[in-house]
Amino acid sequence: MADAGALLLSWLATAWLHALVLCGAAWCAERARLLRSLPAREAAWRGALLLPLLTSAIALGVDRGGFRIARGPMASAAEGIDAAPAPRSAVPTLHMTAVAPTPRADETKTVPASREGARMPVAQVGDARPAAALAAVAGDPRVPLLVAVAWLALAGVGGVLALARLHRLRRRLAFLPAPDRALVQRAAWMARRAGLPRVTLAEDPALASPVAVAPDRIGVPAWSVHALDDAQRSAMLAHEIAHLARRDPQWRLATPALSGLLPAPLSRLARRRLDDLAELQCDDWAARATGNPRALAECLAHCLAHGRGLSTPAFAVPMAAADSPLVERVRRL
């Protein structure tokens with residue numbers, strides 16, 4: 001059990017270090033404009049969150065398997081010299097034993113007084129009991145296992161909370177009415193075009209923006225039924241169906257657990273960049289599906305104007321969140 005705890009903690013620490021390096025590499029590559037296409041940027045950031053789990057396991061497996069990195073002929077020669085037996089010396093070695101003087105009776109009780117006149121018993125000078133207690137705790141084989149379990153528990157908190165919120169939202173949308181029949185038929189046609197077997201719509205007055213909820217549900221805010229025209233509502237549905245086709249809601253449920261498991265300084269940036277890149281790619285798909293990018297840009301503006309004061313689920317994929325790069329998206333459209 002102690003070896004398993006040490007191995008698990010080593011894997012987590014190695015994965016954290018690899019995530020730090022890979023997230024930094026993805027950020028540098030994006031800043032240097034080495035990744036020009038949206039799919040390439042998304043693949044780089046996803047790899048920065050997922051690959052450390054694999055590379056750290058490979059590194060630990062190689063280390064435990066006994067593989068070593070070649071260090072050249074000089075290092076091998078040095079190892080041979082160290083391994084050779086030392087020659088016996090012809091000169092005999094004299095062993096001398098030092099005899100400590102016997103302390104006087106008054107020295108065993110107290111130490112000499114300091115300049116301030118304080119006198120302290122010898123038994124309290126250099127007391128090793130606190131240090132020994134700390135060393136015993138640090139050397140306890142159960143400590144790595146407890147640290148690893150606490151690490152995993154904290155990482156799973158975000159995923160558990162997201163699953164609970166997803167369950168509550170799905171139950172709420174299940175009892176809400178669907179919008180008008182024409183919008184439902186349009187959503188079914190777009191879903192077949194995207195390769196989805198079915199899509200369920202629900203009109204929710206509490207939503208600030210349309211949201212895609214795994215695996216096949218779309219929440220439509222009540223204001224969108226009356227504030228948007230037919231072209232804008234079609235663009236809205238196409239954007240959310242693109243999220244479902246790309247499995248963005250499932251990925252958004254997994255990213256909190258991944259960033260908690262590997263809490264590197266750039267993990268939060270990786271989550272943010274993945275959300276932004278998903279929105280841009282869904283915008284492109286919706287613009288191609290409807291042939292009307294201007295209607296999608298107008299729908300984004302309506303979402304920002306009408307969604308103030310309403311809720312946006314953190315785990316679902318909203319069409320237009322308040323902190324999303326709306327200006328960039330509208331300019332691209």
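Asp204 is buried in this predicted model, with a relative accessible area of 3%. The residue belongs to strand S1. Beyond its neighbours within four places in sequence, Asp204 is in contact with Leu169, Arg172, Leu173, Leu176, Val220, Pro221 and Ala222. Two of these partners, Leu169 and Leu173, are listed among the buried residues of helix H5.

Strand S1 spans residues 200-204, and four of its five residues are buried, so the strand is largely enclosed by the rest of the structure. Its partner is strand S3 (residues 217-221); the two run parallel and are joined by five bridges. Within this pairing, Ala202 has Gly219 of S3 as its bridge partner. The loop that leads from strand S2 (211-213) to S3 contains Pro215. The peptide bond from Ala214 to Pro215 is cis, with omega near 0°. This is a departure from the general pattern, since most peptide bonds are trans.

**Helices H5 and H8**

The protein has 12 helices and four strands. Two of the helices are set side by side below.

| Helix | Residues | Number of residues | Span, first to last C-alpha | Expected span |
|---|---|---|---|---|
| H5 | 142-174 | 33 | 47 Å | 48 Å |
| H8 | 230-246 | 17 | 24 Å | 24 Å |

In H5 the span is close to the expected value, although the helix bends by about 30° at Gly156. The buried residues of H5 are Ala148, Trp151, Ala155, Gly159, Ala162, Leu166, Leu169 and Leu173. The spacing of such a list can be read against helix geometry: an α-helix has 3.6 residues a turn, so residues three or four places apart point the same way. Val147, also in H5, counts as partly exposed at 38% relative accessibility. The C-alpha atom of Val147 is separated by 9.5 Å from that of Leu8, a residue 139 positions away along the chain.

Helix H8 also has a span close to the expected one. Of its 17 residues, 13 are buried, so H8 is largely enclosed by the rest of the structure. The N-terminal end of H8 is capped by Asp229, a side-chain oxygen of which lies 3.3 Å from the backbone nitrogen of Ala231. After H8 comes Arg247, with a positive phi near 60°.

**Residues with positive phi**

Arg247 is placed in the loop between H8 and helix H9 (248-261). With a relative accessible area of 46%, Arg247 is partly exposed. A second arginine, Arg33, likewise has a positive phi near 60° in a residue other than glycine. Arg33 sits in the loop between H1 and helix H2 (38-65), and it is exposed, with a relative accessible area of 60%. For context, most residues other than glycine have a negative phi.

**Helix H1 and long-range proximity**

Helix H1 covers residues 2-31 and includes Leu20. At 28% relative accessibility, Leu20 counts as partly exposed. Leu20 and Leu266 are 246 residues apart in sequence, yet their C-alpha atoms are 6.7 Å apart in space. Across the protein, residues 24 or more positions apart account for 75% of the contacts with a separation of 6 or more. Buried residues make up 35% of the 333 residues.

**Cysteines**

The count of disulfides is zero. Cys303 is in no disulfide: the nearest cysteine sulfur, that of Cys299, is 4.3 Å away, whereas a disulfide requires sulfur atoms within 2.5 Å. Cys303 is buried, with a relative accessible area of 3%. Cys23 also counts as buried, at 0% relative accessibility.

Methods:
Residues are numbered from 1 along each chain as its sequence is written. This is a predicted model: local features need pLDDT of at least 70, side-chain atom pairs count only at pLDDT 80 or more; totals for chains, interfaces and linings use all residues. Side-chain values use heavy atoms; hydrogens and water are left out. Buried means under 20% relative accessible area, exposed over 50%, partly exposed in between (1.4 Å probe, protein chains only). Two strands pair if DSSP finds at least two bridges between them. Contact means heavy atoms within 4.5 Å. The expected span of a helix is 1.5 Å times one less than its number of residues. A polar contact is a pair of N or O atoms within 3.5 Å; within protein, one must be able to donate a hydrogen and the other to accept it, and residues adjacent in sequence count only if both atoms are side-chain atoms. The bend at a residue is the angle between axes fitted to the seven residues ending there and the seven starting there.
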